[in-house]
Amino acid sequence: MPRPVFREERCKGCGLCIVVCPKKILRAGAHVNSRGYFPATCVNEKSCIGCLLCAKTCPDIVIEIHKE
């Protein structure tokens with residue numbers, strides 16, 4: 001089962017990953033990271049299909065897809 005992992009402290013909240021996710025399971029987080037941004041997060045890991053679109057789109061290499 002694929003699982004998206006976000007390095008929240010590096011995320012600048014650009015939202016590109018949110019736009020490209022075909023399952024629409026990514027959202028802006030409810031908390032602010034140390035850089036003052038709302039980092040992206042996955043709201044339903046079980047629905048992730050591991051397509052890697054979010055990771056490939058992220059300009060800051062914040063997202064990794066772990067396959068278990």
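## Cysteines without disulfides

In this predicted model, a search of the whole structure turns up zero disulfides. Cysteine 17 shows how the cysteines miss the mark: the closest cysteine sulfur belongs to cysteine 11 and sits 6.2 Å away, too far for a bond, because a disulfide needs the two sulfur atoms within 2.5 Å. Cysteine 17 is buried, at a relative accessible area of 8%.

Cysteine 48 is in no disulfide either, its nearest cysteine sulfur being that of cysteine 42, at 6.2 Å. Cysteine 48 is buried too, with a relative accessible area of 12%.

## The nonpolar core

Let's turn to the interior. The largest nonpolar core has 14 residues, and the members that touch the most others are Phe6, Cys17, Ile25, Leu26, Cys54, Val62 and Ile63. Two elements, E3 and E4, give two or more residues to this core.

Cysteine 54 is a good place to look at the packing by eye. Setting aside neighbours within four places in sequence, cysteine 54 is in contact with Cys17, Val20, Leu26, Ile63 and Ile65. Cysteine 17 thus turns up again, as a contact of cysteine 54 and as one of the core residues that touch the most other members.

## Two salt bridges

The count of salt bridges comes to two. One of them joins arginine 7 to glutamate 64, with the closest N and O atoms 2.7 Å apart. Arginine 7 lies in the loop between strand E1 (2-6) and helix H1 (16-20), while glutamate 64 belongs to strand E4 (residues 63-67), so this pair ties together parts that are 57 residues apart in sequence. Arginine 7 is partly exposed, with a relative accessible area of 31%, and glutamate 64 also counts as partly exposed, at 34%.

In the other salt bridge, the side chains of lysine 12 and aspartate 60 meet at 3.5 Å, N to O. Lysine 12 is in the loop between E1 and H1 and aspartate 60 in the loop between H2 and E4, so the pair links parts that are 48 residues apart in sequence. Here, too, the partners are partly exposed: aspartate 60 has a relative accessible area of 24% and lysine 12 one of 33%.

## A buried asparagine

Asparagine 33 deserves a look of its own. Its place is in the loop between strand E2 (26-28) and E3, and at 6% relative accessibility asparagine 33 counts as buried. The side chain reaches the backbone oxygen of cysteine 11 at 2.8 Å. A polar atom of the asparagine 33 side chain also lies 3.0 Å from the backbone nitrogen of arginine 35.

Beyond neighbours within four places in sequence, asparagine 33 is in contact with Glu8, Glu9, Cys11 and Pro39. Cysteine 11 therefore appears here as a contact of asparagine 33, having already been met as the cysteine whose sulfur is closest to that of cysteine 17.

## An exposed valine

Is valine 43 buried or exposed? With a relative accessible area of 52%, valine 43 is exposed, because the cut-off for that label is over 50%. Valine 43 is found in the loop between strand E3 (40-42) and helix H2 (53-57).

Valine 43 still has partners from elsewhere in the sequence: not counting residues up to four places away, valine 43 touches Ile25 and Arg27. Of these, Ile25 is also one of the core residues that touch the most other members. Valine 43 and glycine 29, for their part, are 14 residues apart in sequence and 9.2 Å apart in space, C-alpha to C-alpha.

Note on methods. Residues are numbered from 1 along each chain as its sequence is written. This is a predicted model: local features need pLDDT of at least 70, side-chain atom pairs count only at pLDDT 80 or more; totals for chains, interfaces and linings use all residues. Side-chain values use heavy atoms; hydrogens and water are left out. Helices (H or I, at least four residues) and strands (E, at least two) are DSSP runs, numbered from the N terminus. Buried means under 20% relative accessible area, exposed over 50%, partly exposed in between (1.4 Å probe, protein chains only). Contact means heavy atoms within 4.5 Å. A salt bridge is a side-chain nitrogen of Lys or Arg within 4 Å of a carboxyl oxygen of Asp or Glu. A polar contact is a pair of N or O atoms within 3.5 Å; within protein, one must be able to donate a hydrogen and the other to accept it, and residues adjacent in sequence count only if both atoms are side-chain atoms. A nonpolar core is a set of buried Ala, Val, Leu, Ile, Met, Phe, Trp, Tyr and Cys residues joined through side-chain atoms within 4.5 Å.
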